[in-house]
Amino acid sequence: MKYFTDILRGLSSQKHLYFLFGFLFIIPNCVFLFTEPLPVSVSLASIIMPLAFWMGILLLARKPGVVVWFLLPKIILDGGQLVLLYLFGESVIAVDMFLNLTSSNASEASELLGNIFLVIICVFFFYTFPTLWLATRSIRMKDRLAEQFRKKWALRSLGLFGVGVLCLLPSWQEHSFSLKNDVYPVNALYNLYFAITKSNKNANYSVSSADFKFNSVCMGRADGKRQIYVLVVGETSRAMEWSLYGYERNTTPRMRELDGLVHFTDVVTQSNNTHKSVPIILSAASAEDYGVIYDEKSIVSAFKEAGFRTLVIANQKLTTSMIGAFYREADTFIDMSTFNNTGSYLTSLHDAALLPYLEKELDESDDNMFVVLHTYGSHFNYYERYPAEFRIYTPDKAEGIRQSYKKELRNSYDNSIRYTDYVLGEIVDMLKKKNACSSMLYLSDHGEDIFDDSRARYLHASPIPTYYQLHIPYIIWFSDDYRRIFPEKYRTAMSHSAYPVSTNSVFHTVLDIAGVRTSVSDSTLALTNLAFAIRDRMYLGDHDEPVPFWKVGLKNADFVMLDKWKMNYKKNE
């Protein structure tokens, strides 16, 4: 009891509260000292300089609690940062995380928040609430910081800031230090600014791309047969979980039995975020040249210009993102997220629900068609992604996101892969019945962490990806008629099946399959073209800069998996 009384007595002094607030404001910085791969001197500077800054700012009022309340946005930001450090174990709040707040729909967000609610509550009660309670206590106290104390510590905080600057000198040559990259919360605020700027560019897409033309020409002639080309955009599927790729569970029985199927074994995504990965899939943009995304239209418009009727069916609510803008370029856009009026916890219809709409659209005319199907795939909550008859691996219902539920999570995830296999099989069967020259390309936008190793990582979209988020399935099915009319395309794809590939190949490959040439076509990126060239595979960094995927911060456990799956990267870098 005396110990508790002594603590309260200490909290009754504005001086003690002043120092306590200074410490509370750098708690995230202290965590970064252990999580970020920075030189020791830079890490120390990233603590000392912010501490000195906040100690100076807290002196602006004679009651430091007043300043704390004015800095409420900073305290909220700190809380969010601590939650994300719990989830991902490293890195500052990224640009992509800010953008995910606007590109995710409410039901999707509620699935995640519902499972990390306990973490959010803990951060609130152990950090946010105590800080604000102490600030209120400071305001109500009669005691004030003496003028002499404020002047003395203003000078000391300035001197302390100078010490922080001096700490940078030992690493000045080997590390390019910048406040916007290395010091919290400057880096988080810069990322917020970058996200707002990028969001404005996304919103202005219809204006910036209005005059763009692909000048598309269809060079391929299918002996008078109708042509149907389907691009299926998967969600959160990882190659290592497909039996087609060697997984021990039989998760893809229908794909394994398909004639005319080519699966590419060494494929990495250029982003672990849907809102960046999918636009790269749908356009000529890439990690190396991402800026063209704002000035050029999507593959949908390229096929329209070439005389194809275009159809998009999306089982995710994407109309508020750049992806939605691409999809609205289609002759027909069916947004299935508007059909779910059941009021249930299910966040989307099951993916097979798109099949009747696809069949109806294919039957309405004999036009050549290009189709994009955007599925919900294996997006968390996995248990909600498939109907009861696909509960093959059980138990499959986890009560939350915890490592103790790894078995249930993996079972439900594998069930969702088995269901994706079923949906793809149904699409192929549908195309076979149309007696057309047809092809279907499927790939996932990114993978997922599912408590795979000692890091206990979960989900995707982390600031620094892992092997599990990068390695994705990528398959192309060619109909009998297509292989008869364009045998060289099929043989070329087969010959490239083990080549290192990225998601920026999709745009060029699908156009090449259809024989469509555009002003931005690149045959060296088309997997069905003899000109396809192996190149370094890049990852789209948080500030939209290209980085070799093996240099994005992967850990030893990731390289072990890359080697296990015989994936190509430069091991000497």
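In this predicted model, helix H22, spanning residues 487–495, lies across strand E3 and strand E11 (474–478), and its direction makes an angle of about 30° with E3. The two strands beneath this description belong to an open, mixed sheet of seven strands, ordered E3-E11-E8-E2-E7-E5-E6. The points below take up the sheet, then strand E11 and its partners, and finally two residues in helices.

**The sheet as a whole**
- The edges of the sheet are taken by strand E3 (261–263) and strand E6 (332–335), and because each has a single partner strand, one side of each is left without a neighbour in the sheet.
- From one strand to the next, the twist averages 10°.
- Strand E5 (residues 309–314) and strand E7 (residues 369–374) run parallel and are joined by six bridges, and within this pairing Val312 of E5 stands opposite Val372 in E7.

**Strand E11 and its partners**
- E11 pairs with E3 in the antiparallel sense over three bridges, with His263 having Ile475 as its bridge partner in E11.
- Strand E8 (residues 437–444) also runs antiparallel to E11, to which it is joined by five bridges, and here the bridge partner of Leu441 is Ile476 in E11.
- Five of the five residues of E11 are buried, so that the strand is mostly covered.
- In a regular strand the side chains alternate between the two faces of the sheet.
- In E11, Tyr474, Ile476 and Phe478 point one way while Ile475 and Trp477 point the other way, and all of these residues are buried.

**Arg410 in helix H19**
- Arg410 is located in helix H19, which covers residues 406–433, and it counts as buried because its relative accessibility is 17%, where the cut-off for buried is under 20%.
- When neighbours within four places in sequence are left aside, the residues in contact with Arg410 are Arg238, Met240, Glu241, Tyr247, Arg249, Ile450 and Asp452.

**Trp133 and a nonpolar surface patch**
- Trp133 is found in helix H9 (residues 117–140), and with a relative accessible area of 39% it is partly exposed, since that class lies between the cut-offs of under 20% for buried and over 50% for exposed.
- Together with Phe124, Phe125, Phe126 and Phe129, Trp133 makes a nonpolar surface patch of about 580 Å².

Methods
Residues numbered from 1 in each chain as written. Predicted model: local features only at pLDDT ≥ 70, side-chain atom pairs only at ≥ 80, totals over all residues. Heavy atoms only, no water. Pairing = 2+ DSSP bridges. Helix = DSSP H or I, 4+ residues; strand = E, 2+ residues; numbered from the N terminus. Axes fitted to C-alpha atoms, helices over the stretch in contact; angles between N-to-C directions. Contact = heavy atoms within 4.5 Å. Buried < 20%, exposed > 50% of the residue type's maximum accessible area, 1.4 Å probe, protein only. Patch = residues over 30% accessible without salt bridge, like charges linked within 9 Å, V, L, I, M, F, W, Y side chains within 5 Å. Areas by Shrake-Rupley, 256 points an atom, 1.4 Å probe, with all protein chains shown as cover. Salt bridge = Lys/Arg side-chain N within 4 Å of Asp/Glu carboxyl O.
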